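Work through the exercises below with the sequence and coordinates open. Each task is followed by a solution in steps.

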Amino acid sequence: MKKILTALLLAAISIPAAMADTPAELRSKAFKKMLVQSFEPMGMVARGRAPYNPAQFQQYADALKPLAAEPFQHFPANSIEGKSRAKPEIWTQPAKFQADKEAFLKSVDALALAARGKDLAAIKKSYAAVAQSCKTCHDSFRGPEK
Ligand code: HEC
């Protein structure tokens, strides 16, 4: 009886660990956070749907740098379990995935620099380059929704 109770207790204790976010959930959350807290507010300005406020845009552009790096902390080997849209190519073509990531982070730096110039036409161009680098990676490495 005591043994069974102990086993039950241990099982109860281990539940929180089992419910911890999977890598796929962590990176998905990080991608969404980046989109909501920085990329999309800038997109509204780039598409002329929100007014261009240079100081505020600068904040969004500077915030993108750490936010953009965050999801890539959560791609441990072959972590495609659950609802992940990650393609196996991430791990079979690591050099290409890495290169797409580096190009993306470079475009993010360029956008922050363009924001300092306060030239909306140049900013829109830099924003479009970032969006293109999102797409380049998604085309190769993100599968359909499950
Ligand atoms: C180097 C590759 C790469 C780059 C660059 C990249 N992504 Fe992704 N993104 C992925 C992968 C892979 C997934 C799927 C992750 C998963 O489901 O496990 C993903 C998932 C997402 C998701 C979550 C979608 C969902 O249904 O959970 C969003 C939102 C997203 N990306 C937006 C963006 C935006 C916006 C950019 C550019 C500002 C971007 N991504 C740049 C590879 C990339």
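## Exercise 1: Two positive phi values

Lys-118 is partly exposed, because 13 other C-beta atoms lie within 10 Å. The model is predicted.

**Task.** Determine where Lys-118 is found and what the sign of its phi is, then treat Asn-78 likewise.

**Solution.**
1. Lys-118 is found in the loop between H5 and H6, and H5 is followed by this residue.
2. The phi of Lys-118 is near 55°, a positive value in a residue other than glycine.
3. Most residues other than glycine have a negative phi.
4. Asn-78 is found in the loop between H3 and H4, and its phi, near 50°, is positive too.
5. Asn-78 counts as exposed because it has 12 C-beta neighbours inside 10 Å, and the class of exposed residues takes in those with 12 or fewer.

## Exercise 2: Helix H5

**Task.** Compare the span of H5 with the expected value, then list its buried residues and name elements that cover them.

**Solution.**
1. H5 has 24 residues, and from its first C-alpha to its last it reaches 35 Å.
2. At 1.5 Å a residue, 34 Å is expected, and the span of H5 is close to that.
3. Buried in H5 are Phe-97, Asp-100, Ser-107, Val-108, Leu-111, Ala-114 and Ala-115.
4. The cover over these buried residues includes helix H3 (54–69), helix H4 (89–92) and H6.

## Exercise 3: The largest nonpolar core

**Task.** Which residues of the largest nonpolar core touch the most other members, and what does Ala-61 touch?

**Solution.**
1. The largest nonpolar core has 17 residues; Met-42, Ala-61, Leu-64, Leu-111, Ala-115 and Tyr-127 touch the most other members.
2. H2, H3, H5 and H6 are the elements that give two or more residues to this core.
3. Leaving aside residues up to four places away in sequence, Ala-61 touches Met-42, Leu-111, Ala-112 and Ala-115.
4. In soluble globular proteins, nonpolar side chains tend to be buried together.

## Exercise 4: The shell around the ligand

**Task.** Which residues come nearest to the ligand, which element gives the most to the shell, and how many residues of the shell fall in each class?

**Solution.**
1. There are 21 residues around the ligand, of which Phe-31, Ser-84, Phe-104, Cys-134 and Cys-137 come nearest.
2. Helix H2 (23–46), helix H5 (94–117) and helix H6 (120–141) are the elements that give two or more residues to the shell.
3. H2 gives the most, with seven residues.
4. By class, the shell has eleven nonpolar, four polar and six charged residues.

Note on methods. Residues numbered from 1 in each chain as written. Predicted model: local features only at pLDDT ≥ 70, side-chain atom pairs only at ≥ 80, totals over all residues. Near = placed C-beta within 6 Å. Helix = DSSP H or I, 4+ residues; strand = E, 2+ residues; numbered from the N terminus. Nonpolar A, V, L, I, M, F, W, Y, C, P; charged D, E, K, R; others polar. Expected span 1.5 Å × (residues − 1). Buried ≥ 20, exposed ≤ 12 C-beta atoms within 10 Å, placed from the backbone. Contact = placed C-beta atoms within 7 Å. Core = buried A, V, L, I, M, F, W, Y, C linked by C-beta atoms within 7 Å.
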